[in-house]
Amino acid sequence: MSKGVTRLEDLAKMAGVSISTASRALNDSPAVNKRTKQAIWKLAREMDYPFRRYMPAGPIGAEATIAIVVPRPQGRDSGMSDPFFLELLAGVGEAASERGCDVLLSHIAPANFEDLSVAMTTSRAEGVIFLGQSSLHAAFNRLSETEGRFVVWGAQLPDQNYCSVGSDNPMGGRRATLHLARLGRKRIVFLGDTEAPEAMQRHRGYLDALEHQKLSIDPDLIVPAHFEVESAEAAIDSLIHRGVPFDGVVAASDLIALGAIRALKLAGLSVPGDVSVVGFDNVPFARYSSPALSTIAQDTAKAGRLMVSKLLDASGDKASRSERVPTDLIIRESCGG
């Protein structure tokens, strides 16, 4: 054995356990308690111990395993069933397959720093992709102080120390709003949760576009809604019943846009005759809605490739550079032009 190469005996000694216990821990044996396993897995990573040879072999001998963790979404119950997240998951899966990697979908739904730490320390994967930031920006920053094996799908935020991949949300929000303004819409609603990082940036693009078109910013037209059809429908219904005039809607997601269209139709209003609507995401069903939904497309295939490559090609524990994916305006029937 060459000098400087960590042996199983060395790992056991550092962990303060027997060689057999260290071996069982690396094999995820139920005979070893969870805390001991986590400590030994952490040591194995730190000492560059050949970890994977102790893991159960995949059916096709995968080059690596990537864990996918979906944090508890901000303002909604579950992100797993969100159509956009399914598209994003498919993008990661395709990219991982191209690199000969397995993908492990975790049951953990982190809501705080401790949950993020558990997601990292209980996984024997080469790295973790967190699909969504939720309200965990500060927690991810803290996690990056000791971990470099993760990438986050989400917005790029001030003072960010971790690697994130996400769409150009400000530009997407700006393009959607400018398009409606150029169609002659003057009273444009922004519909979405402006406290969620990505929606907050889409809202910023909306405000920039109004300023560019010299349209007034009316607080009554900035309407909170969670990322779900029912929430958006209730928000637009309330706006109509309060008698607030509007002729356009920029929605923070396609689900929100569909809820808005449903509320407008139930109120006897025409889309796009009375109100133009633009969504955000370009999920598959957007083109099949009635009317077909104009939207901002996010390139989930490119996003998946970027997240996988940044995770697998990272050097050491240092976080890779964050990156934005361009967005594209897809014009269909719901905006009228």
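Is Arg202 buried or exposed, and what is its relative accessible area? Arg202 is buried, with a relative accessible area of 4%. The legends below describe close-up views of a predicted model.

**View 1. A salt bridge within helix H8 joins Arg202 and Glu198.** The closest N and O atoms of the pair are 3.9 Å apart. Both residues belong to helix H8, which covers residues 197–212. They stand 4 residues apart, about one turn of the helix. Arg202 counts as buried because its relative accessible area, 4%, is under the 20% cut-off. Glu198 is buried too, at 16% relative accessibility. Side chains of opposite charge can pair when their charged atoms come close.

**View 2. Glu147 and Arg149 form a salt bridge between buried residues.** Their side chains meet at 3.2 Å, N to O. Glu147 has a relative accessible area of 13% and is buried. Arg149 is likewise buried, with a value of 13%. This pair belongs to a total of 9 salt bridges in the model.

**View 3. Lys310, Arg321 and Glu323 make up a salt-bridge network.** Within this network, the side chains of Arg321 and Glu323 meet at 3.8 Å, N to O. Arg321 is exposed, with a relative accessible area of 62%. Glu323 is partly exposed, at 22% relative accessibility. Glu323 misses the buried class because that class requires a value under 20%.

**View 4. A cis peptide bond links Val271 to Pro272.** Omega is near 15° for this bond. Pro272 sits in a loop. Helix H10 (254–266) and strand E9 (276–281) flank that loop.

**View 5. Ser290 and Pro291 are also joined by a cis peptide bond.** Here omega is about 0°. Pro291 lies in the loop between E9 and strand E10, the latter spanning 294–298.

**View 6. Ser134 has a positive phi.** The angle is near 50°, and the residue is not a glycine. Ser134 is placed in the loop between strand E3 (127–131) and helix H6 (137–143). Is this loop residue, Ser134, buried or exposed? Ser134 is buried, with a relative accessible area of 15%.

**View 7. Asp159 is a non-glycine residue with positive phi.** Its phi is near 60°. Asp159 occupies the loop between strand E4 (150–153) and strand E5 (164–167). With a relative accessible area of 68%, Asp159 is exposed. It counts as exposed because 68% is over the 50% cut-off.

**View 8. Asn141 of helix H6 touches Asp159 and other residues.** Which residues does Asn141 touch, leaving aside those up to four places away in sequence? They are Asp159, Gln160, Asn161 and Tyr162. Asn141 itself is buried, with a relative accessible area of 12%. Asp159, in contact with Asn141, is exposed at 68%.

**View 9. Domain 2 and domain 3 share a contact.** The protein is divided into domain 1 (8–47), domain 2 (64–166 + 300–324) and domain 3 (169–299). The contact between domain 2 and domain 3 draws 18 residues from domain 2 and 17 residues from domain 3. The C-alpha centres of these two domains are 28 Å apart. About 1,400 Å² is buried between domain 2 and domain 3. Carbon and sulfur atoms give 57% of that area.

**View 10. Polar contacts, with 0 salt bridges, occur between domain 2 and domain 3.** How many residue pairs are in polar contact between domain 2 and domain 3? The count is 6, with both residues of a pair at pLDDT 80 or more. On the side of domain 2 that touches domain 3, helix H4 (83–98) and helix H11 (300–312) each supply at least two residues. H11 gives the most to that side, with 4 residues. The residues of this side of domain 2 divide into 7 nonpolar, 7 polar and 4 charged.

Notes
Residues numbered from 1 in each chain as written. Predicted model: local features only at pLDDT ≥ 70, side-chain atom pairs only at ≥ 80, totals over all residues. Heavy atoms only, no water. Buried < 20%, exposed > 50% of the residue type's maximum accessible area, 1.4 Å probe, protein only. Salt bridge = Lys/Arg side-chain N within 4 Å of Asp/Glu carboxyl O. Domains from an automatic or database assignment. Contact = heavy atoms within 4.5 Å. Buried area = accessible area lost by both parts, 1.4 Å probe. Polar contact = N/O pair within 3.5 Å; in protein donor to acceptor, adjacent residues only side chain to side chain. Nonpolar A, V, L, I, M, F, W, Y, C, P; charged D, E, K, R; others polar.
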